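Here's a quick briefing to read alongside the sequence and the 3D view. Have both open and follow the bullets topic by topic.

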Amino acid sequence: MKPIRVGPIAYDVEIVDNLQDDGGILDGRIRHSDAVIQLAASLSPQAHLVTLWHEVLHALFTQAGIHDHDEKRITALSYDIVQVLTDNPQLRSYEDAQAEIPKRRRGR
Ligand SMILES: [Zn+2]
């Protein structure tokens with residue numbers, strides 16, 4: 001997978017067998033110090049995508065200076081973002097969004 005660019009940092013994405021820390025088994029993890037996002041190899045493709053967004057949200061919050069991350073909110077947002085982008089592919093690029101917006105009528 002190509003690195004995920006968040007702000008000025010490109011995070012390498014690694015798929016890892018038996019991903020865990022002191023607290024137990026993990027689905028994903030972000031290491032800001034060396035710009036790596038790790039995803040558990042055991043996840044389904046859908047869970048990989050949601051978990052990747054979860055870690056991207058950690059990156060966004062950290063870069064915004066928010067270091068007290070609410071895991072429940074990040075988890076909820078990761079599912080919501082994947083759902084909205086899946087249901088609305090026109091939101092994936094500016095060009096796609098522009099193509100969906102009716103042209104403004106002149107003279108009104
Ligand atoms: Zn998290």
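Start with Ala41: outside its neighbours within four places in sequence, it is in contact with Ile15, Val16 and Asp17. Keep in mind that this is a predicted model. From Ala41 the tour goes to the sheet, then to the helices.

**Around Ala41**
- You'll find Ala41 in the loop that links β6 to α1.
- Is Ala41 buried or exposed? Ala41 counts as exposed because just 12 other C-beta atoms lie within 10 Å, and the cut-off for exposed is 12 or fewer.
- Leu19 sits 22 residues away from Ala41 in sequence, yet the C-alpha to C-alpha distance between the two is 8.0 Å.

**The sheet**
- Four strands make up an open sheet, ordered β1-β2-β6-β5, with mixed pairing.
- At the edges are β1 (4-6) and β5, each of which pairs on one side only.
- Going from one strand to the next, the twist averages 25 degrees.
- In the parallel part, β2 (residues 9-16) pairs with β6 over five bridges.
- Two spots to click on there: Asp12 is opposite Val36 in β6, and Glu14 has Gln38 in β6 as its bridge partner.

**The β5-β6 hairpin**
- Strands β5 (residues 28-31) and β6 (residues 36-40) run antiparallel, joined by four bridges.
- The two strands form a hairpin with four residues between them, and Ala35 in the turn has a positive phi of about 55 degrees.
- Val36 in β6 turns up here as well, standing opposite Arg31.
- Which way do the side chains of β5 point? They alternate: Gly28 and Ile30 are buried and point to one face, while Arg29 and Arg31 point to the other and are not buried.
- That fits the general picture, in which side chains of a regular strand alternate between the two faces of the sheet.

**The helices**
- Helix α1 packs on the sheet and touches β1, β2, β5 and β6. The direction of α1 makes about 30 degrees with that of β5.
- How do α1 (residues 45-63) and α2 (residues 71-87) cross? Their axes come within 8 Å, at an angle of roughly 125 degrees.
- That angle makes α1 oblique to α2, because it falls between the 65 to 115 range for roughly perpendicular and the over 145 range for roughly antiparallel.
- The crossing of α1 and α2 is right-handed.
- On the α1 side, the contact is made by Leu49, Val50, Trp53, His54, Leu57 and His58. These meet Ile74, Thr75, Leu77, Ser78, Tyr79, Ile81 and Val82 of α2.
- Sorted by type, the residues of this α1-α2 contact are nine nonpolar, four polar and no charged.

Note on methods: Residues numbered from 1 in each chain as written. Predicted model: local features only at pLDDT ≥ 70, side-chain atom pairs only at ≥ 80, totals over all residues. Axes fitted to C-alpha atoms, helices over the stretch in contact; angles between N-to-C directions. Parallel < 35°, antiparallel > 145°, perpendicular 65-115°, else oblique. Left-handed = near helix turned anticlockwise from the far one by under 90°. Contact = placed C-beta atoms within 7 Å. Nonpolar A, V, L, I, M, F, W, Y, C, P; charged D, E, K, R; others polar. Buried ≥ 20, exposed ≤ 12 C-beta atoms within 10 Å, placed from the backbone. Pairing = 2+ DSSP bridges.
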